[in-house]
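The following exercises concern the strand order, helix packing and burial in a single protein model. Each task is followed by a solution that proceeds step by step.

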Amino acid sequence: MLRAARPEEADALRALVERAYAGYVPLIGRRPAPMDDNYPARIVAGQATVLERDGAIAALLVLVDEPDHLYLDNIAVDPDAHHQGTGRFLLEHVVAEARRRGLPEVRLVTNEKMLRNIGIYTRFGFEEYARQEMGGYHRVLMRKRLD
């Protein structure tokens, strides 16, 4: 079940993101930015959505409305929920949400060393449109234009 994150879940979201991104720390040589995000603020802003399964948080989406697109700031799936179609389900939700909000595309940013993620997004129909250094991170900017 997808639902808005609750204020009392901020610590659980932080812990989920720690588990989801831990394997990337040695790969990129530092903590990925989502590991240090302000989840209480995301919750208050209405930007944090969780996927709950069997009473536990299995995944997190952080979505930000921009004037001309929906920005997928973070998608974090608990490692125990990998290989169950969770990521695809969440990406389908993000696209549906952009359409519901009347936005023409979804954008995201990922680290250039996260090749697995880049592949997942590409297979889902995202295209790379730029690369930039942002805050010391080497980023790949991607978008999915909606029909």
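**Exercise 1: The central hairpins**

Task: In this predicted model, determine in which sense strands β3 and β4 pair, and over how many bridges.

Solution. Strand β3 covers residues 56–66 and strand β4 residues 69–77; the two pair in the antiparallel sense over 8 bridges. They form a hairpin with 2 residues between them. Two pairs of residues fix the register: the bridge partner of V64 is Y71 in β4, and V62 stands opposite N74.

On the other side of the analysis is the pairing with β2. Strands β2 and β3 run antiparallel and are joined by 6 bridges, with E52 opposite I57 in β3. This hairpin too has 2 residues between its strands, and D54 takes a positive phi near 50 degrees there. Finally, 8 of the 11 residues of β3 are buried, so the strand is largely enclosed by the rest of the structure.

**Exercise 2: The whole sheet**

Task: State the strand order of the sheet and explain why β1 and β6 each have one side without a neighbour.

Solution. The sheet is open, has 7 strands with mixed pairing, and follows the order β1-β2-β3-β4-β5-β7-β6. Strands β1 (2–4) and β6 (127–134) stand at its edges; each has a single partner strand, so one side of each is left without a neighbour in the sheet. From one strand to the next, the twist averages 30 degrees.

Helix α1 (residues 10–21) packs on the sheet and touches β2 (48–53), β3 and β4, its direction making about 80 degrees with that of β4. Helix α5 (residues 115–123) lies across β4, β5 (105–111) and β7 (137–145), and runs at about 165 degrees to β5.

**Exercise 3: A charged residue in β7**

Task: Establish whether R139 is buried or exposed, and which side chain of opposite charge is nearest.

Solution. R139 has its place in strand β7. The residue is buried yet has no salt bridge. The nearest side chain of opposite charge is D73, 7.9 Å away, whereas a salt bridge requires a distance within 4 Å. The contacts of R139, not counting residues up to four places away in sequence, include V109, T110, A130 and M134.

**Exercise 4: Helix α4**

Task: Compare the span of α4 with the expected value and identify which of its residues are buried.

Solution. Helix α4 (residues 86–100) has 15 residues and reaches 21 Å from its first C-alpha to its last, close to the 21 Å expected. Its buried residues are T86, L90, L91, V94, V95, E97 and A98. Just after α4, G102 takes a positive phi of about 75 degrees.

How values were computed: Residues numbered from 1 in each chain as written. Predicted model: local features only at pLDDT ≥ 70, side-chain atom pairs only at ≥ 80, totals over all residues. Heavy atoms only, no water. Pairing = 2+ DSSP bridges. Helix = DSSP H or I, 4+ residues; strand = E, 2+ residues; numbered from the N terminus. Axes fitted to C-alpha atoms, helices over the stretch in contact; angles between N-to-C directions. Contact = heavy atoms within 4.5 Å. Buried < 20%, exposed > 50% of the residue type's maximum accessible area, 1.4 Å probe, protein only. Lys, Arg positive; Asp, Glu negative; His and termini not counted. Expected span 1.5 Å × (residues − 1).
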